[in-house]
Amino acid sequence: MLILDGSGSMAEADAPGPRIDAAKAAGAALVDALPDGSSIGLITYGTHTGSSDAEKTAGCRDISTLVPLGKLDRGSIRGAINGLRPSGWTPISLALSDAVTQLPDDGKAQAIVLVSDGEDTCDTPPCDAAAEAERSRPGLSISTIGFKTVGAASDQLSCIAAATGGLFVQADNAGQLSARLLATQDLPEAQRSLTNNGLQGITLGSTLDEIRANHRDFPDVSRTGTVTVSYIDCGWTFIDGVLDRIVPDGGGRTIDGLIPGTDLDHAVELYGKPLQTNDNSDGTRTVLFDADPSGEAAYQMVVEEYADSGSTLSGEIQSIVLCRCKPTNPPLADFQGYGPMKIGMTETEVRSVAEKPLDKQHYYNCTVLAAARGADWRELSVWIDDKTGKVTGINTPLGTMTDRGVGDGSTVAAVTEAYAADASVERATGGQGSKILRVTPKDAGYSIAFTLADDDTIGQPHIGRSQGSEGCALEQASSTSTEGWQSCGLYRTDQGEFELVVQPADRCAEAREVFDRMFAGDGVPVARNAVVIDAYTCVGNPAGAASETGVLSYCEYHQARFELRYR
């Protein structure tokens with residue numbers, strides 16, 4: 001028995017095109033592939049009511065047997081499939097029960113195949129119906145195909161299949177739906193094939209305990225390190241006790257029928273453009289395809305005679321592996337921030353969206369959350385004003401691009417073109433006298449600054465600040481200095497807040513640069529002994545305590561002297 005979803009959501013046009021059209025094409029392909037003399041029936045649901053709350057009672061009884069179980073009549077079934085018009089609710093449990101009653105109670109092998117784009121919406125758990133069917137019909141298997149399903153819907157359809165020894169697989173487009181519906185006709189081969197996220201009901205990302213709950217003979221695996229074990233003609237690689245990679249013996253086979261020797265263009269038809277390609281030393285190419293758009297699985301294929309004409313890809317697939325190896329897209333910068341990190345966030349909010357731990361440091365009157373010690377300009381650093389506790393600037397890492405497609409390595413002309421409609425682009429001077437290209441939005445948002453090279457190319461973007469600037473607006477201190485000294489602002493260190501003063505009075509920028517190099521990221525002097533920085537001899541307080549002399553550190557060169565004075 002074939003059950004096709006006719007609920008309202010099947011009218012959504014993301015297959016591409018309406019989902020129901022993809023289901024119709026897949027159903028027709030299955031009918032064409034069945035041997036003459038096969039027995040088949042067709043059931044649908046959700047085609048006679050709407051999907052409003054007022055129609056729920058009627059919609060949850062809306063089951064239609066379009067073709068009763070009998071000898072294959074291709075014309076009749078094709079006509080019934082083509083007439084489907086989706087509109088209503090999703091009574092999966094009732095549809096399964098109805099299909100079971102139409103099967104002969106003769107103990108022979110029987111199959112129900114369900115195609116659905118969602119979970120049951122009629123408050124009757126279909127997994128219970130499947131379990132009851134398995135008890136009453138020991139020869140019955142129910143296979144399910146989740147079309148564009150994720151989360152609870154996929155879990156429910158998986159449970160139905162598991163209860164009866166059937167196959168569950170997800171499909172994300174019309175081509176996959178047709179191929180995977182055909183796969184249900186040979187369950188032993190389908191269960192030996194790599195699905196979108198696993199094999200033999202074992203999914204990538206599972207722990208050993210989760211696997212052994214249903215596969216008690218699975219080999220033991222260390223919970224730490226990288227370990228590969230052999231099981232049912234495959235290599236299973238675990239990283240710290242979590243399944244990361246499945247390598248079938250003999251080259252592998254996907255649920256869609258791709259095997260060694262298949263043309264690469266067939267993979268492109270099913271999975272879209274490759275996520276990534278890499279040359280191998282033996283002349284082959286490793287090509288990654290998205291196996292699970294809602295997860296982290298990818299098909300990793302080794303391809304011989306790989307060629308890219310610009311419009312088509314060609315080559316012969318040599319082997320197929322399923323792995324958690326999908327490349328992640330790096331964050332992009334925009335007028336609001338860097339990926340999920342935004343100007344105006346608090347430290348807690350930044351840490352909650354950071355991809356990796358950030359080291360907490362201090363510069364001037366700023367808290368800095370940085371990916372590297374010393375807030376290395378090549379790595380991510382997030383600058384937070386100590387007074388407000390809010391992010392005021394973000395230095396992005398090398399290689400970062402903006403949402404307009406420009407960034408590290410782009411030209412000034414490309415930046416100007418990308419922002420011509422809604423921002424001003426100007427050359428300016430940034431922190432410590434650096435040359436920058438500043439992009440300022442005409443409406444809401446914060447400026448983006450790019451370091452500018454002599455060849456008119458730019459570096460990575462910095463939001464709300466420029467590379468080398470003091471980040472949070474440097475608080476100007478009221479001078480407590482003696483005549484001839486100039487106050488240049490405040491430094492916050494582990495020993496308190498200190499005023500930077502210089503003599504002669506025109507050396508503030510120079511003094512800041514020298515002390516930037518003397519101090520580590522958390523404000524502790526690099527050394528108490530004398531060090532030479534840009535020809536200046538710099539020392540910490542010889543007495544070891546700023547309160548005794550009022551000077552934490554100082555630097556001298558010829559007639560110039562810079563001091564950090566206790567306030």
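**Note on the disulfides of the predicted model**

1. In this predicted model, Cys127 and Cys159 are joined by a disulfide, with their sulfur atoms 1.6 Å apart. The pair connects distant parts of the chain, as Cys127 belongs to helix H5 (residues 126-136) and Cys159 to helix H6 (residues 151-164), 32 residues apart. The S-S torsion of Cys127 and Cys159 is about -70°, so this disulfide is left-handed.

2. The two ends of that bridge fall into separate accessibility classes. Cys127 has a relative accessible area of 17% and is therefore buried, the cut-off being under 20%. Cys159, with a relative accessible area of 31%, is partly exposed.

3. A disulfide also links Cys323 and Cys325, whose sulfur atoms lie 1.9 Å apart. The torsion about the S-S bond of Cys323 and Cys325 is about 45°, so the disulfide is right-handed. Cys323 counts as buried at 1% relative accessibility, whereas Cys325 is partly exposed at a relative accessible area of 22%.

4. Cys488 and Cys508 form a disulfide with an S to S distance of 1.9 Å. Cys488 lies in strand E26 (residues 486-493) and Cys508 in helix H13 (residues 508-518), so the bridge ties together parts 20 residues apart in sequence. Its S-S torsion is about -80°, so the Cys488 and Cys508 disulfide is left-handed. Both Cys488 and Cys508 are buried.

5. Two remarks complete the account. The count of disulfides comes to four. Separately, Cys234 has a relative accessibility of 4% and counts as buried.

Definitions and conventions:
Residues numbered from 1 in each chain as written. Predicted model: local features only at pLDDT ≥ 70, side-chain atom pairs only at ≥ 80, totals over all residues. Heavy atoms only, no water. Disulfide = S-S within 2.5 Å. Helix = DSSP H or I, 4+ residues; strand = E, 2+ residues; numbered from the N terminus. Buried < 20%, exposed > 50% of the residue type's maximum accessible area, 1.4 Å probe, protein only.
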